[in-house]
Amino acid sequence: MYAKYAKLRDALGMTDAKVAEQAGIIPTVLSEWKRRAETNPDTELSFGNMLKVAKVLKCDLDELAGK
């Protein structure tokens, strides 16, 4: 799931820091997600954080989840 997020983020020319800032979450949330995704690609954020990130990336949850 992080890989799909990274593609959407990159397509908008954003960084994790910028996404975190605009979503109102701390940057370590995204860096920890990336770290956990290295061993478990299906790792997700909390539902609330997923909604915030999806809004910043201008997509819905299904798209962010790669469905």
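**Aromatic contacts, a helix face and salt bridges**

Tyr2 and Tyr5 sit three residues apart in helix H1, so about one helical turn separates them. In this predicted model, the two rings form a tilted aromatic pair, with 5.2 Å from centre to centre and 55° between the planes. Both Tyr2 and Tyr5 are buried. For Tyr5 the relative accessibility is 0%, which is why this residue counts as buried.

Tyr5 also has a partner further along the chain. Its ring centre lies 5.1 Å from that of Trp33, and because the planes meet at 40°, this pair too is classed as tilted. Here the contact links distant parts of the chain, since Tyr5 belongs to helix H1 and Trp33 to helix H3, 28 residues apart. Trp33 is buried as well, with a relative accessible area of 0%. Taken together, ring pairs join Tyr2, Tyr5 and Trp33 into a cluster. The structure holds three aromatic pairs, among them the Tyr2–Tyr5 pair and the Tyr5–Trp33 pair.

Attention turns next to helix H2, which spans residues 16-23 and has Val19, Ala20 and Ala23 as its buried residues. Viewed down the axis of H2, these buried residues fall within an arc of 100°, so they line one face of the helix. They pack against three helices: H1 (2-11), H3 (27-37) and H4 (47-57). Just after H2 comes Gly24, which takes a positive phi of about 75°.

Helix H2 also carries a salt bridge. Lys18 pairs with Glu21, the closest N and O atoms being 3.9 Å apart, and the two residues lie three positions apart in H2, about one turn of the helix. Lys18 is partly exposed, with a relative accessible area of 36%, whereas Glu21 counts as exposed at 57% relative accessibility.

In total, the model has four salt bridges. In helix H3, the side chains of Glu32 and Arg35 meet in one of them, at 2.7 Å from N to O. Glu32 and Arg35 are three residues apart, so about one helical turn lies between them. Glu32 is partly exposed, with a relative accessible area of 32%, and Arg35 is likewise partly exposed, at 46% relative accessibility. Elsewhere, salt bridges that share partners join Arg9, Asp10 and Asp16 into one network. Within this network, the closest N and O atoms of Arg9 and Asp10 are 2.8 Å apart. Arg9 counts as buried at 11% relative accessibility, while Asp10 is partly exposed, with a relative accessible area of 48%.

Key:
Residues numbered from 1 in each chain as written. Predicted model: local features only at pLDDT ≥ 70, side-chain atom pairs only at ≥ 80, totals over all residues. Heavy atoms only, no water. Buried < 20%, exposed > 50% of the residue type's maximum accessible area, 1.4 Å probe, protein only. Helix = DSSP H or I, 4+ residues; strand = E, 2+ residues; numbered from the N terminus. Arc of directions from axis to C-beta. Contact = heavy atoms within 4.5 Å. Phe/Tyr/Trp six-rings, centres within 6.5 Å; stacked < 30°, edge-to-face > 60°.
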